[in-house]
Amino acid sequence: MPTEVAPLRRKPVQQRSAQRVERMLEACAQLIDEVGYDGLTTTLIAERAGVAVGSLYQFFPDKRAVVQELTLRNLERFVQTVSERLDRMELAHWWDAVDTVFDVYLGMHREIPAFSKLHFGDVVDLRLLHENKDNNAVIAEKLTSLISERFGMSPAELELPLSVAVEAADAVLHLAFRRASTGDPTLVNEARELVRGYLSSRISEDQPKDLPAPR
């Protein structure tokens with residue numbers, strides 16, 4: 001699709017080239033944790049990855065493109081991990097899916113290099129994931145697709161509520177991680193309750209109700 005971002009100048013074909021690109025992305029993540037996005041340069045990335053800066057420019061036009069590719073891969077990992085967990089779970093209610101999304105996001109925040117600094121790209125550009133859509137809109141669309149498929153719910157019914165829920169959760173979780181490096185647990189729980197309470201008032205109750213309702 002022409003509106004999708006394409007940070008790579010060219011896709012690595014040979015295994016050696018693919019390995020170089022992976023080293024560049026790993027180096028980028030490490031450096032962002034150390035110096036932040038503002039302190040990041042293509043020269044630093046190349047040096048940390050053990051490649052010539054000219055080799056980096058064969059694949060990426062600038063540091064933003066490297067970070068963009070890293071963020072797109074994190075998004076892919078996020079969606080894939082949520083999907084795999086949902087496939088393994090006995091889902092009694094869509095609230096199960098919401099809790100799973102929170103758990104995966106928190107895990108990535110705590111474990112994936114640079115994720116705590118980049119999140120899904122807002123630090124760099126509000127439209128890093130898609131040329132014509134905000135980053136949170138892209139995430140909401142992915143979650144709408146996942147939840148609608150597993151619960152037989154209408155995407156049209158989920159689209160607006162999930163968009164609002166993503167924005168609300170994003171704001172509170174940002175606050176939680178500003179308060180504590182691993183996420184202030186009280187604020188994380190508040191984010192869960194906020195989202196579950198809001199969605200329960202907006203999404204049809206014609207779903208299984210084996211779990212207790214949000215307080």
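A residue is taken as buried under 20% relative accessible area, as exposed over 50%, and as partly exposed in between. In this predicted model, Arg127 has 39% relative accessibility and therefore counts as partly exposed. The side chain of Arg127 meets that of Asp134 in a salt bridge, with an N to O distance of 3.3 Å. Asp134, with a relative accessible area of 37%, is likewise partly exposed.

The count of salt bridges comes to 10. One of them joins Arg64 to Asp125, whose closest N and O atoms are 2.6 Å apart. This pair links distant parts of the chain, as Arg64 belongs to helix 4 and Asp125 to the loop between helix 6 and helix 7, 61 residues apart. Arg64 has a relative accessible area of 28% and is partly exposed; Asp125, at 27%, also counts as partly exposed.

A further salt bridge is formed by Asp103 and Arg192, with 2.5 Å between the closest N and O atoms. Here too distant parts of the chain are linked: Asp103 is in helix 5 and Arg192 in helix 9, with their positions 89 residues apart. The two partners fall into separate accessibility classes, since Asp103 at 37% is partly exposed, whereas Arg192 at 17% is buried. Asp103 and Arg192 are also members of a salt-bridge network that includes Asp99 and Arg196.

Helix 9 has 18 residues, for which a rise of 1.5 Å a residue gives an expected span of 26 Å; the end C-alpha atoms are 26 Å apart, in agreement with that value. The N-terminal end of helix 9 is capped by Asp184, a side-chain oxygen of which lies 3.1 Å from the backbone nitrogen of Thr186. The buried residues of helix 9 are Leu187, Val188, Ala191, Arg192, Val195, Arg196 and Leu199. In an α-helix there are 3.6 residues a turn, so residues three or four places apart point the same way. The cover over the buried residues of helix 9 includes helix 5 and helix 8.

The largest nonpolar core comprises 42 residues, and those with the most contacts inside it are Leu75, Phe78, Trp94, Phe120, Leu143 and Leu199. At least two residues of this core come from each of helix 4 (63–88), helix 5 (94–111), helix 7 (135–151), helix 8 (155–179) and helix 9 (185–202). The most is given by helix 5, with 10 residues. Apart from neighbours within four places in sequence, Leu75 is in contact with Phe120, Leu129, Val138, Ile139 and Lys142. A second core, separate from the largest, holds 26 residues, among them Val21, Ala27, Phe60 and Leu70.

Backbone geometry was examined at two loop positions. Most residues other than glycine have a negative phi. Ala114, although not a glycine, has a positive phi of about 75°. Ala114 is placed in the loop between helix 5 and helix 6 (115–118) and, at 1% relative accessibility, counts as buried. His119 is also not a glycine and has a positive phi of about 55°. The position of His119 is in the loop between helix 6 and helix 7, and a relative accessibility of 11% puts His119 in the buried class.

An unreviewed UniProt entry carries the annotation "DNA-binding region" for residues 41–60. Over residues 41–60, the chain is 75% helix and 0% strand, with the end C-alpha atoms 12 Å apart.

Terms used
Residues are numbered from 1 along each chain as its sequence is written. This is a predicted model: local features need pLDDT of at least 70, side-chain atom pairs count only at pLDDT 80 or more; totals for chains, interfaces and linings use all residues. Side-chain values use heavy atoms; hydrogens and water are left out. A nonpolar core is a set of buried Ala, Val, Leu, Ile, Met, Phe, Trp, Tyr and Cys residues joined through side-chain atoms within 4.5 Å. Buried means under 20% relative accessible area, exposed over 50%, partly exposed in between (1.4 Å probe, protein chains only). Helices (H or I, at least four residues) and strands (E, at least two) are DSSP runs, numbered from the N terminus. Contact means heavy atoms within 4.5 Å. The expected span of a helix is 1.5 Å times one less than its number of residues. A polar contact is a pair of N or O atoms within 3.5 Å; within protein, one must be able to donate a hydrogen and the other to accept it, and residues adjacent in sequence count only if both atoms are side-chain atoms. UniProt positions are given in the numbering used here, feature names are shortened, and annotations may be inferred rather than shown by experiment. A salt bridge is a side-chain nitrogen of Lys or Arg within 4 Å of a carboxyl oxygen of Asp or Glu.
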